[in-house]
Number of protein chains: 2
Amino acid sequence: MTRPTSPRPYNFSAGPAAMPDAVLERAASEMLDWQGSGMGVMEMSHRGKEFGAICTQAEADLRFLLAVPENFHILFMQGGGLGENAIVPMNLSRGTRADFIITGSWSTKSHKEAQRYCTANIAATNAADQHTRLPDPASWRLSDDASYVHVCSNETIHGVEFQELPDLAALGSKAPLVIDFSSHVASRPVDWNRVGLAFGGAQKNLGPAGLTIVIVRDDLLGHALDICPSAFNYKTVADNGSMYNTPPTWGIYIAGLTFQWLRAQTEGELTGMAAMEARNIAKARLLYDFIDASPFYVNKVDPSCRSRMNVPFFLNDESRNDAFLSGAREAGLLQLKGHKSVGGMRASIYNAMPLAGVQALVSYMREFERSHA
Amino acid sequence: MTRPTSPRPYNFSAGPAAMPDAVLERAASEMLDWQGSGMGVMEMSHRGKEFGAICTQAEADLRFLLAVPENFHILFMQGGGLGENAIVPMNLSRGTRADFIITGSWSTKSHKEAQRYCTANIAATNAADQHTRLPDPASWRLSDDASYVHVCSNETIHGVEFQELPDLAALGSKAPLVIDFSSHVASRPVDWNRVGLAFGGAQKNLGPAGLTIVIVRDDLLGHALDICPSAFNYKTVADNGSMYNTPPTWGIYIAGLTFQWLRAQTEGELTGMAAMEARNIAKARLLYDFIDASPFYVNKVDPSCRSRMNVPFFLNDESRNDAFLSGAREAGLLQLKGHKSVGGMRASIYNAMPLAGVQALVSYMREFERSHA
């Protein structure tokens, strides 16, 4: 992975998050004139042929990368994950019942918001475990008549990830699975046989804040509540090719450049998404192995469901937190402070974080331990 | 107004629209490193001190430019004008009644969408005049009990602008006035004594698509319907300083650069918004005067309410439309095709369009007339 001549610091922000240098450099170079059009991308009519080409290419590249089947629509929307917490039940619940698997802060928020629109049932929760392990699917109390089952497939704050999506059919549910994949989209393949709808804000792995990706199976369109705003009605958005209202054009452009960057990645014999997944596994393993081997640092998440993207960890002596963070900044390691609801540290190591960045973090952690233990 | 060494074409897009070169050049230069932070703006946590400074400054600059009183909140949201067509009645209607003044495509859409949430009364309409003149406020049939009165203060498609906002109190209404000022925000001052809420997409005069500006009087917060999504509840957004959910950070940054550019403008002894208004008056007058003096071109809007921002016009012989547009492109005059619902041509001459751009358009129109008349 190339770095600029003068390397930038490594940015471990949970989102908005680090982006590939190559994407940023390309965007800067095209800022006043996209491919000889005489216009920057922000200045183009969304209905013109130039932006139409950008949007069509972005959708095609994402469909290729994630192997999205033909019977799924890819929608570019606004409102982020928190917006989707309302938009999903407005579109899918039919005012009836939906099941929620509580695994951390984000699924808790999704459940709370859905109560405005339907009976939101908690089918399982790991709250008693402080969101450090996933409830066994065999224990989920799924409703007979749920309109959908909601799962946050990677909890950004608690660092808990489904390493395999639940097979609802095998659990006796006929409901479609909805996954909030905001913080690990495009870090690994998606098993679309198990998914009815996936949504995610772009600001972790795909692009800037303000773009929301929704991938939805076609039979789930057309059931929105009357009070669903037209701009957030999946069928309306799909029927208009994500241009019912003016889409977040810059976000789509940057995400499109990121998709092209992802397609170009290689790791040994692997390319594209497979290369990224291999790299993400290697990055996460390096960091977790170091933490587990050290008496100085601790990660509390069960190894079976540790996130490859978001690694919360603690110093065994939390009085050293400030020293750790200021030393990290001096070492060019940014935004490592943990979420306020969890405390400690958090290293978000999304696609744009190279292995070298995780190596630099581990080196710093080792040196900090050596000098403070 | 400075142009780059190799001048770019003049871009008359109705939106997303031309932006100041200086804003784009600054954004490009800071793409990988904002002010020595080691991060680009798209890569910053919205809760970090760097983006906090950007957002605070943007809000302060907008408040200064538009002379927004202290009892109004400035909100940075998502969803655009079409989103606000639902978000406004979800927040303000209390499920009761609202009055709409129909003056073109946008107010028509606002009225239609509001019917999901309240009794949406058409208090006046210019449909019989094909949206070419504004209905006299003295003729408006305002409800006694309207929760608000909606006006699109500049109709982008039909080119109709309120040169003075209606004084609802003088008309006997106690309802707050809601204005959709998407396509002329920051082109002229706003009389806040007459306004309860103003909203607009940023993609005409302020920045990229995906950022929505809402300016709302504090007594209008806190009355949202239960079915209003949290992310679109004005009180929730205001209480969280526009950071209840991740805001469109890049859009806020670009809008902030645009606000700084606006503050720096001068025109004779005028500065900032006053300078822009004077420039916009001069630009519009040049184009309308030319059209009115020519038998070859026509603008059908009543002179009392012609938009300074969006100038729809027609060739008297529409068989020449394609030749006009292709010649314009060759002359470096882009995106002049009219909206499909109106036809003909449309020149959008927002803040970022210099007088020289309008002069170039008039020169081209004169030459085209000379060679085709």
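Hi everyone, let's start right at the boundary between the two chains: across the interface of chain B and chain A, the rule finds 2 salt bridges. One of them is formed by the side chains of Arg8(B) and Glu43(A), with 2.7 Å from N to O. Before I go on, please keep in mind that this is a predicted model.

Staying with polar chemistry, there are 22 residue pairs in polar contact between chain B and chain A, counting pairs with both residues at pLDDT 80 or more. Which elements of chain B give two or more residues to the side that touches chain A? Those are helix H1 (21–29), helix H3 (80–92) and helix H6 (249–264) of chain B. If you sort that side of chain B by class, you get 30 nonpolar, 19 polar and 7 charged residues.

Now, how many residues does each chain bring to the contact? Chain B gives 56 residues, and chain A gives 56 residues. As for area, about 4,500 Å² is buried between chain B and chain A, and carbon and sulfur atoms give 61% of that. On the chain B side, the residues that lose the most area to chain A are Leu32(B), Met42(B) and Glu43(B); together they make up 16% of what that side buries.

Let's turn to how the two copies are arranged. Chain B superposes on chain A after a rotation of 180 degrees with 0.0 Å of shift along the axis, and the RMSD is 0.0 Å. The two copies are therefore related as by a two-fold rotation axis. If you want to find that axis on the screen, look for Ala28(B): in chain B its C-alpha is the nearest to the axis, at 2.2 Å. The same surface serves both copies, too, as 100% of the contact residues of chain B recur in chain A.

Last stop, a look inside chain A. There is an open sheet of 3 strands here, in the order S13-S14-S16, and the pairing is antiparallel. Which strands sit at the edges? They are strand S13 (297–298) and strand S16 (345–348) of chain A, each of which pairs on one side only. Strand S13 of chain A runs antiparallel to strand S14 (residues 310–315) of chain A, and the two pair over 2 bridges. To put residues on that pairing, Val298(A) has Phe314(A) in S14(A) as its bridge partner.

That's my tour, thanks for listening!

Note on methods. Residues are numbered from 1 along each chain as its sequence is written. Chains are lettered from A and ligands numbered from 1 in the order in which they are written. This is a predicted model: local features need pLDDT of at least 70, side-chain atom pairs count only at pLDDT 80 or more; totals for chains, interfaces and linings use all residues. Side-chain values use heavy atoms; hydrogens and water are left out. Two strands pair if DSSP finds at least two bridges between them. Helices (H or I, at least four residues) and strands (E, at least two) are DSSP runs, numbered from the N terminus. Copies are superposed by least squares on the C-alpha atoms of residues with pLDDT of at least 70 in both. Contact means heavy atoms within 4.5 Å. Buried area is the accessible area (1.4 Å probe) that two parts lose on being put together, summed over both. A salt bridge is a side-chain nitrogen of Lys or Arg within 4 Å of a carboxyl oxygen of Asp or Glu. A polar contact is a pair of N or O atoms within 3.5 Å; within protein, one must be able to donate a hydrogen and the other to accept it, and residues adjacent in sequence count only if both atoms are side-chain atoms. Ala, Val, Leu, Ile, Met, Phe, Trp, Tyr, Cys and Pro count as nonpolar, Asp, Glu, Lys and Arg as charged, and the others, Gly among them, as polar.
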